[in-house]
Amino acid sequence: MFNGFSPDIPAPGPKPFPMSPKLLRRAVEALTTFKIETPSWGFADTGTRFGKFFQDAAAIDLNDKLADAGQVHALTGCCPTVAVHVLWDFQPGQDPKAVAKLARHHGVKIGAINPNLFQDQDYKWGSFGHNDPAVRARALKHCTDSVALMSGTGSEYLSLWFADGTNYPGQGSIRDRKKFFEDSLRALHAKLGPKQTMLVEYKPFEPAFYATDIADWGMAYLLAKKAGPRAKVLVDTGHHYVAQNIEQIVAWLLDEDMLGGFHFNDRRYADDDLTLGSIDPYQVFRIFHEIHAFAADRGKAPKIAYMVDQCHNEKPKIEAMIQTVVMAQELFAKAALVDHDALRRAQAKNNVVDAELLLKQAFFTDVAPALAAWRKAQKLPADPLAAHRRSGYEKTAAADRRARRKALGLGQGGSFA
Ligand SMILES: [Mn+2]
């Protein structure tokens with residue numbers, strides 16, 4: 001028997017909460033605004049640091065990656081942009097306008113440009129944090145070249161992640177490295193156009209295991225703030241210690257107008273790159289709740305680049321990506337159902353139980369009817385994963401790419417993506 005709830009809270013029953021017509025509308029509205037970017041590297045053969053398990057259908061080149069991203073967007077209707085990695089996706093001297101055209105051909109656009117500052121031998125001791133000014137200058141040049149790629153492809157975001165750090169106490173001056181980062185990021189910010197944003201990502205460890213130069217959101221915040229107004233923080237959900245409260249970080253960054261974007265993935269331990277929501281869907285819901293609550297207070301949704309950063313070693317790449325996108329849509333829609341007025345009332349009375357239940361109630365609401373209604377209105381398949389399997393895309397891609405690998409004399413291997 002449930003009898004202790006305020007009238008705001010219907011008592012939970014044995015089945016998921018159904019949606020009223022009002023909630024259905026709210027969930028559909030949320031779905032209409034929600035877009036999430038797929039990563040080009042998520043369609044290629046990638047693996048762990050120990051090795052890769054190859055898939056015939058994995059993308060060989062940028063054309064394949066954009067075609068696969070186009071397939072995900074065609075079926076889900078919410079992934080119009082694709083993040084690209086400069087070193088893995090662009091040939092030296094390649095015309096960025098031709099890349100933008102190729103993307104359009106596959107029904108997508110180029111999203112965030114990710115410079116690569118961790119693969120070259122020059123970066124053994126760091127890039128922006130290196131103690132040699134010549135290496136820092138080289139890293140900066142690569143980043144300013146990447147800004148030119150943004151302009152050429154029409155990309156809005158430069159997405160920066162640095163592997164920089166030290167592995168042993170005493171190895172480098174922590175304060176000197178901080179200063180090197182401040183100087184390089186400020187110089188890079190000066191190259192940005194008025195509609196271009198740079199995102200500064202953080203990660204506590206790996207590959208540096210003693211002191212990563214940008215180890216947490218506070219460091220990323222400070223560096224972005226010092227760089228200039230078009231620098232924001234990027235939150236990769238996998239880049240936190242397990243006990244860390246990510247939604248609290250999100251709320252603080254929102255309140256400071258410093259949340260630029262997300263790299264979504266799930267993890268059981270550290271940067272595991274597991275499929276979003278496969279381990280802890282409530283975590284993702286709580287993040288989305290903070291965003292919806294902020295939007296409700298401000299009367300306007302914040303501009304956030306929602307992106308996926310996942311690599312699947314075992315799952316078929318496109319299936320995993322569709323699974324991720326559908327999960328993101330579902331959790332975003334659920335979080336939109338929280339009754340913010342009732343939550344404020346419960347908070348004002350310090351009614352902890354009701355406040356928590358308002359979140360739980362939204363989380364356990366079955367949003368399938370909203371997803372179905374939205375997909376129908378967009379003329380999308382009711383079940384994107386089933387439609388992908390029926391399409392035969394995977395089989396055709398596997399046959400084509402197997403033959404092309406053979407003809408090109410390509411072994412499977414090489415770089416991460
Ligand atoms: Mn990331």
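**Notebook: helix packing, core and odd backbone spots**

I began with α7, where W217, A220, Y221, L223, A224 and A227 are buried. I note here that the model is predicted. I then asked which elements the buried residues of α7 pack against. They pack against α6, β8, β10 (231–236) and α8. After α7 comes G228, and I read its phi as positive, near 150°.

**Entry: α6 against α7**

I took the α6 partner next. Helix α6 covers residues 174–189 and helix α7 covers residues 217–227; they pack at an angle of about 50°, with axes 8 Å apart. That angle makes α6 oblique to α7. I logged the crossing of α6 past α7 as right-handed. From α6, the contact uses F181, E182, L185, R186 and H189, and from α7 it uses L223, K226 and A227. Sorted by type, the residues of this contact are four nonpolar, one polar and three charged. L223 and A227 therefore turn up twice in my notes: they are among the buried residues of α7, and they are also part of the contact with α6.

**Entry: α1 against α13**

Which residues of α1 and α13 meet? On the α1 side I listed L24, A27, V28, L31 and T32, and on the α13 side P369, A370, L371, A373 and W374. This contact divides into nine nonpolar residues, one polar and no charged. Helix α1 runs over residues 21–33 and helix α13 over residues 368–377. Their packing angle is about 55° and their axes are 9 Å apart. The two are therefore oblique to each other. α1 passes α13 in a right-handed crossing.

I looked at A370 by itself. Not counting residues up to four places away in sequence, A370 touches M19, L24, A27, V28, L31 and A333. L24, A27, V28 and L31 are α1 residues that I had already listed in the contact with α13.

**Entry: the nonpolar core**

How many residues does the largest nonpolar core have? I found 106. The residues with the most contacts inside it are A27, V200, A220, V233, V235, A333 and A370. The largest share of this core comes from α10, with ten residues. A220 ties this entry back to α7, where A220 is one of the buried residues. A27 and A370 tie it to the α1 and α13 contact.

**Entry: α2 against α10**

Since α10 had come up in the core, I checked how helix α2 (residues 62–76) sits against helix α10 (residues 317–335). The packing angle is about 40° and the axes are 10 Å apart. α2 and α10 are therefore oblique to each other. The crossing is right-handed. D68, Q71, V72, L75 and T76 of α2 meet K317, I318, M321, I322, V325 and V326 of α10. I sorted the residues of this contact into seven nonpolar, two polar and two charged.

I kept one general point beside this list: an α-helix has 3.6 residues a turn, so residues three or four places apart point the same way.

**Entry: A83**

I then moved to strand β4 (residues 81–85), which holds A83. Is A83 buried or exposed? A83 counts as buried, because it has 26 C-beta neighbours inside 10 Å, and the cut-off for buried is 20 or more. Leaving aside neighbours within four places in sequence, A83 is in contact with E37, P39, S40, G111, A112, N114, S159 and M307. I also took the C-alpha to C-alpha distance from A83 to A69: they are 9.9 Å apart in space and 14 residues apart in sequence.

**Entry: backbone oddities**

I looked up two aspartates with positive phi. D257 has phi near 55°, a positive value in a residue other than glycine. D257 is in the loop between α8 (246–255) and β11 (259–264). With 11 C-beta neighbours inside 10 Å, D257 counts as exposed.

D273 also has a positive phi near 55°. D273 lies in the loop between β11 and α9 (281–298). Here I counted 20 C-beta neighbours inside 10 Å, so D273 counts as buried.

Last, I asked where P207 lies. P207 is in the loop between β8 (197–201) and β9 (211–212). The peptide bond from E206 to P207 is cis, with omega near 10°.

Definitions and conventions
Residues numbered from 1 in each chain as written. Predicted model: local features only at pLDDT ≥ 70, side-chain atom pairs only at ≥ 80, totals over all residues. Axes fitted to C-alpha atoms, helices over the stretch in contact; angles between N-to-C directions. Helix = DSSP H or I, 4+ residues; strand = E, 2+ residues; numbered from the N terminus. Parallel < 35°, antiparallel > 145°, perpendicular 65-115°, else oblique. Left-handed = near helix turned anticlockwise from the far one by under 90°. Contact = placed C-beta atoms within 7 Å. Nonpolar A, V, L, I, M, F, W, Y, C, P; charged D, E, K, R; others polar. Core = buried A, V, L, I, M, F, W, Y, C linked by C-beta atoms within 7 Å. Buried ≥ 20, exposed ≤ 12 C-beta atoms within 10 Å, placed from the backbone.
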